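Trainee: Before we go through this model together, could you take my questions one at a time and show the reasoning behind each answer?

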Amino acid sequence: MPLLTLYLAALVLGGTLLALSIFGGGDGDLDLDADADLDADADLDADADADADADAQGGLSAGDALAWLPLSSLRFWTFFLGFGGLTGTLLALVGEPAWLSAPAAGLVGWLAGLSAVRVLRRLQREKVSSSVEETDFIGASGTVLLPVARGQLGQVRVRVKGRDLDVPAETQDDHPLLVEAPVLVCEVRDGVALVSRLDEVA
């Protein structure tokens, strides 16, 4: 019975947050809208970090872990509690033992939360990509986040249309571009920015 109470509490809390995000107004919408923006920005940064790290090191990065366990996302917890609580409640009511209902509730909640976050982020990325074209990066200045060298993919942060965007980058300069070096985007090829040191271009 105590476990059923826990399931019901999770269901009520998650259902309330979900209802506020769908039907509510005011603070509820503002909180979830802010969460959506934070999720999208974090995902763009994590994707860029993961791509750059994978190319440079051939291994997993912190972005991979964050993508599978988005604990900082309010939307993840909303769906985790709502659907996890619902699953646990139904299993407990039909008499399933705790060793079965608890893992099942956790798994369903995690899948629901992860799916909700990923769908939202995909929609947000499509919105960003539709407003920022590759040609908008050409001529933009920025700074190096991960070292860039000839034949070595790195990462730079550039400001485009009022947004700071982190993108994978490469260079044809003879000397490596180290962290915090000022750069200028000369070209974009298949989503990778071709950059040169800003003072050398000037």
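Mentor: Let us begin with a definition: a residue is buried under 20% relative accessible area, exposed over 50%, and partly exposed in between. Please keep in mind throughout that this is a predicted model.

Trainee: With those cut-offs, which class does W77 belong to?

Mentor: The cut-offs for relative accessible area are under 20% for buried and over 50% for exposed, with partly exposed in between. The relative accessibility of W77 is 33%, so W77 counts as partly exposed.

Trainee: How is the ring of W77 placed against that of F76, stacked or edge-to-face?

Mentor: A pair of aromatic rings is described by the distance of the centres and the angle of the planes. For F76 and W77 the centres are 5.3 Å apart and the planes meet at 75°. Planes over 60 degrees apart count as edge-to-face, and the pair of F76 and W77 is accordingly edge-to-face.

Trainee: And what arrangement do the rings of F76 and F80 take?

Mentor: F76 and F80 lie four residues apart in helix 4 (residues 74-93), which separates them by about one helical turn. F76 is buried at 2% relative accessible area, whereas F80, at 23%, counts as partly exposed. Their ring centres are 5.8 Å apart with the planes at 25°, so the pair is stacked.

Trainee: Which residues make up the aromatic cluster here, and how many aromatic pairs are counted in total?

Mentor: F76 takes part in the edge-to-face pair with W77 and also in the stacked pair with F80. The one aromatic cluster therefore consists of F76, W77 and F80. The count of aromatic pairs comes to four.

Trainee: What do the end C-alpha atoms of helix 4 say about its span, and which of its residues are buried?

Mentor: At 1.5 Å a residue, the 20 residues of helix 4 should span 28 Å, and its end C-alpha atoms are 28 Å apart, which agrees. Just after the helix, G95 takes a positive phi of about 90°. The buried residues of helix 4 are R75, F76, T78, F79, G82, G84, G85, T87, G88 and T89.

Trainee: How far is G106 from G85, going by their C-alpha atoms?

Mentor: G106 is found in helix 5 (residues 98-131), where its relative accessible area of 27% makes it partly exposed. G85 is among the buried residues of helix 4. Although G106 and G85 are 21 residues apart along the chain, the separation of their C-alpha atoms is 8.5 Å.

Trainee: Turning to helix 1, why can its buried residues be said to line one face?

Mentor: The buried residues of helix 1 are L4, Y7, A10 and G14. Seen down the helix axis, these buried residues fall within an arc of 125°, so they line one face of the helix. On the other side of helix 1, the exposed residues are P2 and V12.

Trainee: Which elements give two or more residues to the largest nonpolar core?

Mentor: That core has 17 residues, and those with the most contacts inside it are F137, V144, V156, V158, V185 and V195. The elements that each give two or more residues to the core are strand 2 (154-160), strand 3 (163-171), strand 4 (182-189) and strand 5 (192-197).

Trainee: How far apart are the C-alpha atoms of E180 and V144?

Mentor: E180 sits in the loop between strand 3 and strand 4, and at 64% relative accessibility it counts as exposed. Leaving aside neighbours within four places in sequence, E180 is in contact with T143 and V144, while V144 has further contacts that include Q155, V156 and L177. E180 and V144 are 36 residues apart along the chain, yet their C-alpha atoms are separated by 4.8 Å.

Trainee: What phi does D190 have?

Mentor: D190 is found in the loop between strand 4 and strand 5, and its relative accessible area of 79% makes it exposed. E180, likewise a residue other than glycine, has a positive phi near 75°. For D190, which is not a glycine either, phi is positive at about 50°.

Trainee: Finally, where does pLDDT stay under 50?

Mentor: The protein averages a pLDDT of 76, and 70% of the residues score at least 70. One stretch stays under 50, and for it the model has 45 contacts beyond four places in sequence; that stretch is residues 25-63.

Technical notes
Residues numbered from 1 in each chain as written. Predicted model: local features only at pLDDT ≥ 70, side-chain atom pairs only at ≥ 80, totals over all residues. Heavy atoms only, no water. Core = buried A, V, L, I, M, F, W, Y, C linked by side-chain atoms within 4.5 Å. Buried < 20%, exposed > 50% of the residue type's maximum accessible area, 1.4 Å probe, protein only. Contact = heavy atoms within 4.5 Å. Arc of directions from axis to C-beta. Phe/Tyr/Trp six-rings, centres within 6.5 Å; stacked < 30°, edge-to-face > 60°. pLDDT = per-residue confidence, 0-100. Expected span 1.5 Å × (residues − 1).
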